[in-house]
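Here is a friendly walk through one protein chain. Have a look at the picture, turn it around a little, and then read on.

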Amino acid sequence: MCVACNHTIHRASHHFGWNRDFAPVLTARPGETIHFECTDSSAGQLGEGSTVESVRNLDFSRINPVTGPVFIEGAEPGDAVKVTIRKFVPSGIGWTANIPGFGLLADQFPEPAIHVWKYDASALTPALYGPGGRVPLKPFAGTIGLAPAEPGLHSIVPPRRVGGNLDIRDISEGVTLYLPVEVPGALFSIGDTHAAQGDGEVCGTAIESRMNVEATLELVKDARLASPRFTTPGPVTRHLDAAGYEVTTGIGPDLMTGAREALQRMVDLLAAEHGLNPVDAYMLCSVCGDLRISEIVDMPNWVVSFYFPRIVFS
């Protein structure tokens with residue numbers, strides 16, 4: 001329990017998808033801090049004891065529940081909600097899965113796979129993965145956003161102008177996020193908490209992990225934001241940088257093809273150098289490797305790089 005919080009929203013108060021007509025579970029004044037209890041992105045379908053069959057039988061109608069929504073007094077279209085992430089309270093259990101039909105290399109990995117993680121919820125020491133792998137942790141919320149102006153129910157899967165399933169691993173503790181308001185009251189929700197993720201979340205899942213989140217919600221009147229923006233309080237890759245990186249590239253006229261090729265070459269490298277099954281290398285890339293656009297001006301070819309932190313196997 002957060003002694004400095006004004007409110008608590010329990011994880012039973014969640015919803016699937018976005019809808020401007022969802023009834024708020026809480027009305028908050030600007031400046032109040034809320035303790036959100038969040039479930040994992042499978043809504044508890046996957047976790048300790050899960051198997052490949054659990055992935056195969058996943059109910060996609062229950063994917064990415066978000067806790068909320070919160071009606072913020074005074075919020076009007078054209079304003080921005082200023083979200084300050086105060087704290088994450090992790091559970092110590094997580095999972096990463098290869099879900100058939102999902103992910104950057106879905107055509108190459110058509111069979112389900114899963115890795116269940118156990119980690120120190122207090123110390124957040126690197127989590128074990130396979131023979132010798134240790135993944136540094138950095139909790140964050142993958143889905144965080146407001147209700148869109150368009151009426152009706154909208155899928156939780158794609159990110160939107162008002163936020164949503166952004167999966168930006170740097171929206172972590174201490175970060176300030178600004179979200180454009182499209183409906184009265186804003187209707188803020190948060191969930192899809194992760195213990196770690198690489199930029200790109202390339203297999204489609206990170207270390208998906210149930211957590212509680214403490215966040216302060218404020219208003220910036222007449223901000224007129226075109227899309228979300230955020231400010232970090234310091235470096236964002238310090239937990240990964242210490243031992244350097246292995247980097248593979250994809251080069252050509254199409255960024256998506258370049259991204260796939262850079263990732264595939266890293267999967268091949270990790271499998272060859274560390275004896276990993278390719279699908280395990282693929283899932284490991286998703287939780288700690290970063291896709292980067294290295295060059296996008298020297299037409300007709302662009303360069304996409306995949307950075308894998310050497311600290312994982314050091």
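The report below goes from domains to cores, then to hollow spaces, and ends with a few single residues.

**Two domains**

Please keep in mind that this is a predicted model. The chain is divided into two parts: domain 1 covers residues 7-231, and domain 2 covers residues 245-313. Between the C-alpha centres of domain 1 and domain 2 there is a distance of 25 Å. The two parts touch: 34 residues of domain 1 are in contact with 25 residues of domain 2.

**Nonpolar cores**

In soluble globular proteins, nonpolar side chains tend to be buried together. What does this look like here? The largest nonpolar core has 65 residues, and the members that touch the most other members are V70, V83, V135, F188 and L284. Helix α4, which runs over residues 278-288, gives the most to this core, namely eight residues. Both domains take part, since domain 1 and domain 2 each bring at least three residues to this core.

L284 is a good residue to click on. If you leave aside its neighbours within four places in sequence, L284 is in contact with Y129, V135, L276, G289, F308, V312 and F313. Apart from the largest core lies another core of seven residues, including L46, I63, A97 and I99.

**The largest pocket**

Now look for an open space. The largest pocket has a volume of about 520 Å³. Its lining is made up of 29 residues, and those nearest its centre are I63, N64, F102, V157 and N165. I63 is thus worth finding twice, as it is also a member of the core of seven residues. Sorted by class, the pocket lining holds 14 nonpolar, 11 polar and four charged residues.

**Two cavities**

How many cavities of 30 Å³ or more are there? The count comes to two. The table sets them out with their volumes and the classes of their lining residues.

| Cavity | Volume | Classes in the lining |
|---|---|---|
| Largest cavity | about 50 Å³ | six nonpolar, two polar, two charged |
| Second largest cavity | about 40 Å³ | six nonpolar, three polar, no charged |

The largest cavity is lined by P136, K138, F140, R169, A196, Q197, H239, L240, V287 and C288. Two helices show up in this lining: α2 (238-241) and α4 each supply at least two of its residues. You have met α4 already, as the helix that gives the most to the largest core.

Around the second largest cavity you will find H15, W18, N19, F22, P69, L146, A147, L187 and S189.

**Backbone details**

Most residues other than glycine have a negative phi, and most peptide bonds are trans. Here are some places that go the other way.

A cis peptide bond joins G68 and P69, with omega at about 0°. P69 sits in strand β5, residues 66-72, and P69 is also one of the residues lining the second largest cavity. Another cis bond runs from M299 to P300, with omega near 10°. P300 belongs to the loop between β18 (290-295) and β19 (302-309).

Next come two residues with a positive phi. In A43, which is not a glycine, phi is near 60°. You can find A43 in the loop between β4 (32-38) and α1 (52-56). Is A43 buried or exposed? A43 has a relative accessibility of 17%, under the 20% cut-off, so A43 counts as buried.

L124 is not a glycine either, and its phi is positive at about 50°. L124 lies in the loop between β8 (113-118) and β9 (127-129). Because its relative accessible area is 26%, which falls between 20% and 50%, L124 is partly exposed.

**A closer look at E173**

Where is E173? Its place is in the loop between β12 (163-165) and β13 (176-180). E173 has a relative accessible area of 47%, so E173 falls in the partly exposed range, between 20% and 50%. Leaving aside its neighbours within four places in sequence, E173 is in contact with I85, R86, K87, F88, P139 and P233. From E173 to D59 the distance is 31 Å, C-alpha to C-alpha, and these two residues are 114 residues apart in sequence.

Technical notes:
Residues are numbered from 1 along each chain as its sequence is written. This is a predicted model: local features need pLDDT of at least 70, side-chain atom pairs count only at pLDDT 80 or more; totals for chains, interfaces and linings use all residues. Side-chain values use heavy atoms; hydrogens and water are left out. On a 1 Å grid over the protein atoms alone, a cavity is a set of points where a 1.4 Å probe fits but cannot get out, and a pocket is an open set with protein on both sides within 12 Å along at least five of seven lines; lining residues have an atom within 4 Å of a point. Grid points are joined across faces, edges and corners, and a volume is the space filled by probe spheres set on the points. Ala, Val, Leu, Ile, Met, Phe, Trp, Tyr, Cys and Pro count as nonpolar, Asp, Glu, Lys and Arg as charged, and the others, Gly among them, as polar. A nonpolar core is a set of buried Ala, Val, Leu, Ile, Met, Phe, Trp, Tyr and Cys residues joined through side-chain atoms within 4.5 Å. Buried means under 20% relative accessible area, exposed over 50%, partly exposed in between (1.4 Å probe, protein chains only). Helices (H or I, at least four residues) and strands (E, at least two) are DSSP runs, numbered from the N terminus. Domain bounds come from an automatic or database domain assignment. Contact means heavy atoms within 4.5 Å.
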